[in-house]
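Trainee: I should like to go through this model and ask, for each term applied to it, on what grounds the term is used.

Mentor: Please proceed; each answer will set a value against its criterion.

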Amino acid sequence: MRNAFAEEITALAATDHRIVLLSGDIGNRLFDPFKARFPDRFINVGVAEANMVGIAAGLALGGMRPVTYTIASFAVYRAYEQIRVDVGYHNLPVVMVGTGAGLAYAANGPTHHSCEDVAVLRVIPNMTIACPADADELRALLRDSLQHAGPVYLRIGKKGEPRIHGTVPEMRLGRACVLRPGHDVVLLACGTILSEALDAAELLEEHGVSTEVVSFPTVKPLDEPLLEHVFSARSMIVTVEEHGRAGGLGGAIAEWLTDQPRQKARLLRLGTPDAFLHEAGEQEHARELCGLTAVSIAHAIQSALKPQA
């Protein structure tokens with residue numbers, strides 16, 4: 001996914017001279033083609049994430065379209081005040097890309113996990129938050145983000161994520177995409193966990209549970225028309241995300257749900273637990289520990305569908 005980002009931002013910069021790419025001392029070789037073509041529009045700020053956001057804010061005030069890029073946990077937690085005050089407060093068109101989001105850097109430990117980033121950014125006024133599932137969604141949402149009038153946080157994976165779409169979808173910020181029809185359960189998957197959700201749907205179908213799968217990349221703003229439809233027409237809606245259950249997509253939809261008339265469907269939220277993950281291992285192992293594999297997702301839904309004793 002990060003390779004797709006590098007390719008796409010380079011292509012977009014060729015058609016828009018306002019685009020400036022800022023890196024937090026990461027992806028130097030990755031951005032060699034960008035630097036070769038646009039040497040005066042690439043800034044390696046170094047290990048200074050807060051300063052990177054401040055510089056981006058200044059560039060945006062000067063009419064440029066800055067894009068910042070670094071590891072998600074550093075992009076958000078180290079620069080939160082600057083994101084809130086310099087970018088959010090002024091409603092500036094800064095695109096902040098956090099790579100290796102969720103548990104992608106699982107082996108590096110909790111310092112590199114970003115399972116609270118959506119939660120803390122969602123409460124900042126003017127902020128738009130999108131979590132593309134694959135390289136194709138990333139390309140579509142990056143293009144739309146650079147047309148957006150305010151700040152955008154793009155929460156992306158690292159490398160090796162399964163390609164879901166095959167071509168760049170007609171996807172925009174604030175809009176979800178139905179990938180698989182079904183009439184019992186609806187799986188709303190956010191980010192790179194989408195591939196596990198699709199596999200879980202296959203397992204559920206084998207047990208007679210018709211499962212619709214929706215790629216739901218934008219956490220703020222929510223696709224409210226789609227939510228209104230599925231909650232009125234299905235029996236259970238399940239959110240799946242590589243993020244804490246508090247404050248992520250599941251939390252956002254739960255908040256939305258409290259303001260709606262009584263709905264037919266119940267909501268089940270699946271995500272990382274409210275705890276730091278101390279056990280070492282790669283992303284696949286971390287997902288197993290957090291119950292975010294296809295088998296675990298299917299089992300959790302089957303358990304929730306059983307009649308209560």
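Trainee: What percentage of the 309 residues of the chain count as buried?

Mentor: The model is a predicted one. Of its 309 residues, 56% count as buried, a term that requires a relative accessible area under 20%.

Trainee: How many helices and strands does the chain have, and why is it called as compact as a globular protein of its length?

Mentor: The chain has twelve helices and twelve strands. Its radius of gyration is 19 Å, and the globule rule gives 19 Å for 309 residues; the two values are close, so the chain is as compact as a globular protein of that length. Along the principal axes, the C-alpha atoms fill a box of roughly 65 × 40 × 35 Å.

Trainee: Among contacts between residues at least 6 apart in sequence, what percentage join residues at least 24 apart?

Mentor: The share is 78% of those contacts.

Trainee: What can be said of the area that the chain exposes, and of its charges?

Mentor: About 13000 Å² is exposed, with carbon and sulfur atoms supplying 51% of it. The 28 positive and 36 negative charges have mean positions 2 Å apart.

Trainee: Why does arginine 155 count as buried or exposed?

Mentor: The relative accessibility of arginine 155 is 7%. The criterion for buried is under 20%, and therefore arginine 155 counts as buried. This residue belongs to strand 6, residues 152–155.

Trainee: What makes the pairing of arginine 155 with aspartate 117 a polar contact?

Mentor: The side chains of arginine 155 and aspartate 117 are joined at 2.9 Å. The cut-off for a pair of N or O atoms is 3.5 Å, and one atom must be able to donate a hydrogen and the other to accept it. In addition, a polar atom of the arginine 155 side chain lies 2.6 Å from the backbone oxygen of serine 114. Beyond four places in sequence, the residues in contact with arginine 155 include Gly98, Cys131, Glu242 and His243.

Trainee: Why is glutamate 212 called buried, and what does it touch?

Mentor: Glutamate 212 has a relative accessible area of 6%; the limit is 20%, so the residue is buried. Glutamate 212 lies in strand 9, residues 211–215. Setting aside residues up to four places away in sequence, it touches several others, among them Arg180, Val185, Leu187 and Arg234.

Trainee: How do you know whether threonine 10 is buried or exposed?

Mentor: Threonine 10, in helix 1 (residues 2–15), has a relative accessibility of 9%. That value is under 20%, so threonine 10 counts as buried. Leaving aside neighbours within four places in sequence, threonine 10 is in contact with Phe34, Arg37 and Phe38.

Trainee: Why is proline 307 classed as it is?

Mentor: Proline 307 lies in the segment after helix 12 (294–305). Its relative accessibility is 78%; the term exposed applies over 50%, so proline 307 counts as exposed.

Trainee: What makes aspartate 25 and asparagine 126 worth listing for their phi values?

Mentor: Neither is a glycine, yet phi is positive at about 60 degrees for aspartate 25 and about 75 degrees for asparagine 126. Aspartate 25 is found in the loop between strand 1 (19–23) and helix 2 (32–37), and asparagine 126 in the loop between helix 6 (117–122) and strand 5 (128–130). Their relative accessibilities are 40% for aspartate 25 and 38% for asparagine 126. Partly exposed covers values between 20% and 50%, so aspartate 25 counts as partly exposed, and so does asparagine 126.

Key: Residues are numbered from 1 along each chain as its sequence is written. This is a predicted model: local features need pLDDT of at least 70, side-chain atom pairs count only at pLDDT 80 or more; totals for chains, interfaces and linings use all residues. Side-chain values use heavy atoms; hydrogens and water are left out. Helices (H or I, at least four residues) and strands (E, at least two) are DSSP runs, numbered from the N terminus. The radius of gyration is taken over C-alpha atoms; the globule rule is 2.2 Å times the number of residues to the power 0.38. Buried means under 20% relative accessible area, exposed over 50%, partly exposed in between (1.4 Å probe, protein chains only). Contact means heavy atoms within 4.5 Å. Accessible areas come from the Shrake-Rupley method with a 1.4 Å probe; for residues, only the protein chains shown count as cover. Lys and Arg count as positive and Asp and Glu as negative; His and the chain ends are not counted. The place of a charge is taken as NZ of Lys, CZ of Arg, CG of Asp or CD of Glu.
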